[in-house]
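Got a minute to look over a fold before heading back to the bench? Here is a quick briefing to read alongside the model.

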Amino acid sequence: MPLYWTSVVAFMAILRCSTADPMIYGTADLEHDWAEAFKLIITVKMQYPVSNGWRMALIFSQPIKKIDVWRAKWMDTAVSEDKTTHALKDLYFTQKLANGTILTFAVVAYKRNINRRPGKVTVLFKGGNVIPRLPTEPPVSTIAQWSVAFFS
């Protein structure tokens with residue numbers, strides 16, 4: 001009997017993982033670059049319906065002190081030790097998003113080093129309450145598509 005229940009639990013775990021919302025890669029377009037901060041326009045096109053909130057990770061190529069954001073909430077308790085990865089979550093009016101909807105909002109990122117160029121940022125989006133992470137070894141050709149470089 002215990003083996004049966006173990007099999008059922010394992011099957012349910014596999015089913016849950018295979019039906020979980022996949023990660024979506026968004027874009028970040030540089031709108032302004034000031035000495036102390038820079039402003040990005042984040043855009044994510046929904047590839048599936050999001051019915052119960054979402055999480056987003058912004059992965060910067062330089063440490064960021066803090067973030068000001070509209071249409072989302074900065075999760076200041078979910079920042080990497082090196083200050084390069086910052087998490088965002090939905091607000092009550094962005095919890096539900098239909099397939100094909102384009103979520104767009106502004107982010108102001110405050111630089112740790114004044115006058116430094118913004119560098120690169122990777123935008124990861126996932127429906128639900130788990131903060132998305134980069135795969136450990138993505139193919140090189142896809143990294144170039146997912147990261148947006150800012151050079152003036």
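Let's start with how the chain meets itself: residues 24 or more positions apart make up 75% of the contacts in the protein chain with a separation of 6 or more. Keep in mind that this is a predicted model. The protein chain carries two helices and nine strands, and 37% of its 152 residues are buried.

**Layout and surface**
- Reading from the N terminus, the elements go α-β-β-β-β-β-β-β-β-α-β.
- The accessible surface of the protein chain adds up to about 9400 Å², and carbon and sulfur atoms account for 57% of that area.

**Aromatic pairs**
- The count of aromatic pairs comes to four.
- One of them joins F38 and F60: the ring centres sit 6.1 Å apart with the planes at 70 degrees, and because over 60 degrees counts as edge-to-face, that is the label this pair gets.
- This pair links distant parts of the chain, with F38 in strand β2 (residues 37-45) and F60 in strand β3 (residues 54-60), 22 residues apart.
- Are these two rings buried or exposed? F38 has a relative accessible area of 0% and F60 has 4%; buried means under 20%, so both residues fall in that class.
- Y92 and F93 make another edge-to-face pair, at 5.1 Å centre to centre and with 85 degrees between the planes.
- Y92 has 70% relative accessibility, and the cut-off for exposed is over 50%, so Y92 counts as exposed.
- F93 comes in at 45% relative accessibility, between the 20% and 50% cut-offs, so F93 is partly exposed.
- There is also an aromatic cluster, made up of W54, F105 and F125.

**The second largest pocket**
- How much space lies in the second largest pocket? The volume is about 160 Å³.
- Its lining consists of A57, I59, A78, T85, I131, P132 and R133.
- By residue class, the lining of this pocket splits into five nonpolar, one polar and one charged.
- The charged one is R133 and the polar one is T85, because Arg counts as charged, while Thr is not among the nonpolar or charged types.
- As background, rolling a probe the size of a water molecule over the atoms reveals where empty space remains.

How values were computed: Residues are numbered from 1 along each chain as its sequence is written. This is a predicted model: local features need pLDDT of at least 70, side-chain atom pairs count only at pLDDT 80 or more; totals for chains, interfaces and linings use all residues. Side-chain values use heavy atoms; hydrogens and water are left out. Helices (H or I, at least four residues) and strands (E, at least two) are DSSP runs, numbered from the N terminus. Buried means under 20% relative accessible area, exposed over 50%, partly exposed in between (1.4 Å probe, protein chains only). Contact means heavy atoms within 4.5 Å. Accessible areas come from the Shrake-Rupley method with a 1.4 Å probe; for residues, only the protein chains shown count as cover. On a 1 Å grid over the protein atoms alone, a cavity is a set of points where a 1.4 Å probe fits but cannot get out, and a pocket is an open set with protein on both sides within 12 Å along at least five of seven lines; lining residues have an atom within 4 Å of a point. Grid points are joined across faces, edges and corners, and a volume is the space filled by probe spheres set on the points. Rings of Phe, Tyr and Trp (its six-membered ring) pair if their centres lie within 6.5 Å; planes under 30 degrees apart count as stacked, over 60 as edge-to-face and the rest as tilted.
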